[in-house]
Protein chains: 2
Amino acid sequence: MEKERPPYVPEPAIRRLPWYLACVSRLRAQGVEYVSSTAISRQLNVDASQIAKDLSYLNIKGKTRIGYEVEQLERELDDFLGFTRCHKAVMIGVGSLGRALISDSGLSRYGLNIVAGFDTSPDIVGTEVAGVPVYDMSRLAELRPGLDAEIAVIAVPVEFAAEVTGQCVAAGIKALWNFTPFHIKTSPGITIQNTSLYANLALMYNRMNSR
Amino acid sequence: MEKERPPYVPEPAIRRLPWYLACVSRLRAQGVEYVSSTAISRQLNVDASQIAKDLSYLNIKGKTRIGYEVEQLERELDDFLGFTRCHKAVMIGVGSLGRALISDSGLSRYGLNIVAGFDTSPDIVGTEVAGVPVYDMSRLAELRPGLDAEIAVIAVPVEFAAEVTGQCVAAGIKALWNFTPFHIKTSPGITIQNTSLYANLALMYNRMNSR
């Protein structure tokens, strides 16, 4: 983990940066050398002034009448977002979703390297998923330092979410990527990122019915 | 798809409802019959008054000194969130993430039934993933009505996101659950739900580095 502090960027801007990255990666693949915030704006439906402002947080400035250099912009966004560094993680809960996430090679493209899984089921412990070994949950505190993982991806059934969170923190985990619908309380020094697939589904269903 | 309009509930409240559902499901499994908003509040770190307000949108009211009836609250939340209905969906892009999502049986618990996959790769078209057939992308418009699917889950490489979105809308898809970092423009009558795993990763990395 790098100790250098990144520039302060507000959360809504951080959420938009991957859109810009996706856009410039596509342009780079097409051989485009320069792009204006206006051109990015047309593709993404985000105001050009907002794009320029978001990028200025990273001290990225376009040139008058030329715009941004595509390759450089892609590299700077990739670096800032942390996708070019390797962040080691453990998967807590190797059921259906846990296996799915371990098998998604896309995560390693974005800097997340899942090095081990932990579960309590005798059918799963001792097996491998896509080359990743699965250990008994009781061994997390013992094995974590050697695995050098500071991130835990939580994909257990919701009724175990509170319990495994405590075990992760006790084992020295610094960040929890929570896929359960359980709302984990924050603790000092622990980063919590909630990605509730099911809450997103509920929102989508609700909007479909409201039309 | 049900035509009955659900009560209007603001988006931040909809995002919290799955937390309450997870909490009461757990209580029900433990045999608890009644729960107060204060007790839910302690578990979730959300103000009790906020919980009571959120539930009142659904016309759910607790009884003085007794609280909410756990089984009834679970059922009403499950129903409102759309998790008890079957929403048929197609998976667009059956690569690493697409296969992973098809294999996640958790989605069907939350009302999403993936009935077919679509891809362009000759290695994948004609195969089955977890019992779900994969067709050539060019057949989407022809096959969609028979599949009775109004939702498309978008899990293609980001450079194809714009193109497949157009194909989905042309084929009669009404809602897009977008897992790519591409920011899909909204069209009238089309619901778009973005779930950017990678944007969430970027946020988590950023917060870890800021500590």
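Ala, Val, Leu, Ile, Met, Phe, Trp, Tyr, Cys and Pro count as nonpolar here, Asp, Glu, Lys and Arg as charged, and the others, Gly among them, as polar. The model is predicted, so local features need pLDDT of at least 70 and side-chain atom pairs pLDDT 80 or more, while totals for chains, interfaces and linings use all residues. Residues are numbered from 1 along each chain as its sequence is written, chains are lettered from A in the order in which they are written, and side-chain values use heavy atoms, with hydrogens and water left out.

**Exercise 1. Describe the second largest pocket and sort its lining by class.**

Step 1. Fix the term: on a 1 Å grid over the protein atoms alone, a pocket is an open set of points where a 1.4 Å probe fits, with protein on both sides within 12 Å along at least five of seven lines; lining residues have an atom within 4 Å of a point.

Step 2. Take the volume, the space filled by probe spheres set on the points: about 640 Å³.

Step 3. Look at the lining of 33 residues, where A155(A), V156(A), P157(A), V158(A) and E159(A) lie nearest the centre.

Step 4. Sort them: 19 are nonpolar, nine polar and five charged.

Step 5. Find the top contributor: helix 1 of chain B, with four residues. Helices (H or I, at least four residues) and strands (E, at least two) are DSSP runs, numbered from the N terminus.

**Exercise 2. Do likewise for the largest pocket.**

Step 1. Its space comes to about 900 Å³.

Step 2. Among its 34 lining residues, R15(A), N194(A), N200(A), R15(B) and N200(B) are closest to the centre.

Step 3. By class, the lining has ten nonpolar, 16 polar and eight charged residues. Helix 1 of chain B again gives the most, five residues.

**Exercise 3. Place strand 4 of chain A: which strands does it join?**

Step 1. Six bridges link it to strand 3 (residues 87–92) of chain A, running parallel; strands pair if DSSP finds at least two bridges between them. Here M91(A) faces G117(A).

Step 2. On to strand 6 (residues 132–136) of chain A, also parallel, with three bridges; D119(A) has D136(A) as its bridge partner.

Step 3. Six of the eight residues of strand 4 of chain A are buried (under 20% relative accessible area, 1.4 Å probe, protein chains only), so the strand is largely enclosed by the rest of the structure.

**Exercise 4. How many residues of chain A are in contact with chain B?**

Step 1. With contact meaning heavy atoms within 4.5 Å, 68 residues of chain A touch 68 of chain B.

Methods:
Buried means under 20% relative accessible area, exposed over 50%, partly exposed in between (1.4 Å probe, protein chains only).
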